[in-house]
Amino acid sequence: QVQLVESGGGLVQTGDSLRLSCVASARTLSGLTMAWFRQVPGKEREFVAGIRWSGSDTYFPDPMKGRFTASRDNAKDTMYLQMNSLKPEDTAVYYCAASDHILYTTTEYQTDWRYDFWGQGTQVTVSS
C-alpha cells in the first residue's frame with residue numbers, strides 16, 4: 001500500500017503560479033509511475049500530468065503543455081506539479097496517483113483505472 005498526501009493548493013488569481021506536492025508514505029515512491037489528475041464536481045476526472053518512475057519522461061495533455069511541469073524527488077518520496085499561467089478553468093481538486101505498472105504513452109497515463117493508489121486531493125481555485 002502507498003499513502004499519498006497532496007498539498008500546495010489554494011486560492012490564486014489568473015496568471016499566478018502554484019506548486020503542488022504529493023508525498024508518499026508507507027512505501028517508497030521509487031519505482032512507481034506517478035500522475036496528477038483533477039476533477040470538477042459533476043465532471044469526469046481529467047488527466048493533468050504523468051511522470052515515469054525515473055523522472056526521465058513526463059506526459060501532458062495538450063491543454064497543459066507549456067504551462068505545467070511535473071517532477072519528482074524519489075529520495076524525498078515526493079512528486080511535484082508546477083502550474084504556471086493559471087486560468088479559472090484550472091479550478092479543480094487535484095489528485096496524485098501512483099501505479100505499480102510501467103506506462104509508455106500519454107494514452108496510458110491518462111487512463112485513471114491504471115492507477116492503484118490515490119491521494120485525497122487538494123483544492124486549487126483560480127479567480128478571474
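These notes cover the strand pairing, the disulfide, the salt bridges and one buried threonine in a predicted model.

1. Strand E4. This strand spans residues 33-39 and is mostly covered, with 6 of its 7 residues buried. On one side of the pairing list is strand E9 (residues 92-99), which runs antiparallel to E4 and is joined to it by 7 bridges. Strand E5 (residues 46-51) is also paired with E4 in the antiparallel sense, here over 5 bridges.

2. Register at Ala35. Ala35 can be used to check the alignment of these strands. In E9, the residue opposite Ala35 is Ala97. In E5, Gly50 is the bridge partner of Ala35.

3. The E4-E5 hairpin. There are 6 residues between the two strands of this hairpin. Gly42 in the hairpin adopts a positive phi near 85°.

4. The disulfide. A search of the whole structure returns 1 disulfide. Cys22 and Cys96 form this bond, with an S to S distance of 2.1 Å. Because Cys22 belongs to strand E3 (residues 18-25) and Cys96 to strand E9, the bond ties together parts that are 74 residues apart in sequence. The S-S torsion of Cys22 and Cys96 is about 55°, so the disulfide is right-handed.

5. Burial of the cysteines. Is Cys22 buried or exposed? Cys22 counts as buried because its relative accessibility is 0%, where buried means under 20%. Cys96 likewise has 0% relative accessibility and is therefore buried.

6. Arg38 and Glu46. The count of salt bridges in the model comes to 7. One of them pairs Arg38 with Glu46, with the closest N and O atoms 2.7 Å apart. Arg38 is buried, at a relative accessible area of 7%, whereas Glu46 is partly exposed at 33% relative accessibility.

7. Arg67 and Asp90. The side chains of these two residues meet in a salt bridge with an N to O distance of 2.7 Å. Arg67 sits in the loop between strand E6 (58-59) and strand E7 (68-73), while Asp90 sits in the loop between strand E8 (78-83) and E9. The salt bridge thus links distant parts of the chain, 23 residues apart. Both Arg67 and Asp90 are buried. Which residues do salt bridges with shared partners join into one network? The network consists of Arg38, Glu46, Arg67 and Asp90.

8. Asp57 and Arg52. A further salt bridge is formed by the side chains of Asp57 and Arg52, at 3.1 Å from N to O. Asp57 is partly exposed, with a relative accessible area of 33%. Arg52 is buried, with a relative accessible area of 13%.

9. Thr122. This residue lies in strand E11 (residues 122-127). Thr122 has 11% relative accessibility and so counts as buried. The Thr122 side chain reaches the backbone nitrogen of Gly9 at 3.2 Å. Leaving aside residues up to four places away in sequence, Thr122 touches Glu6, Ser7, Gly8, Gly9, Leu20, Ala92, Val93 and Tyr94.

10. Points to check in the viewer. Strand E9 appears twice above: E9 pairs with E4 through 7 bridges, and Cys96 of the disulfide lies in E9. For the side chains, the Arg38 and Glu46 pair can be viewed together with Arg67 and Asp90, since the four are joined in one network.

Terms used: Residues numbered from 1 in each chain as written. Predicted model: local features only at pLDDT ≥ 70, side-chain atom pairs only at ≥ 80, totals over all residues. Heavy atoms only, no water. Buried < 20%, exposed > 50% of the residue type's maximum accessible area, 1.4 Å probe, protein only. Helix = DSSP H or I, 4+ residues; strand = E, 2+ residues; numbered from the N terminus. Pairing = 2+ DSSP bridges. Polar contact = N/O pair within 3.5 Å; in protein donor to acceptor, adjacent residues only side chain to side chain. Contact = heavy atoms within 4.5 Å. Disulfide = S-S within 2.5 Å.
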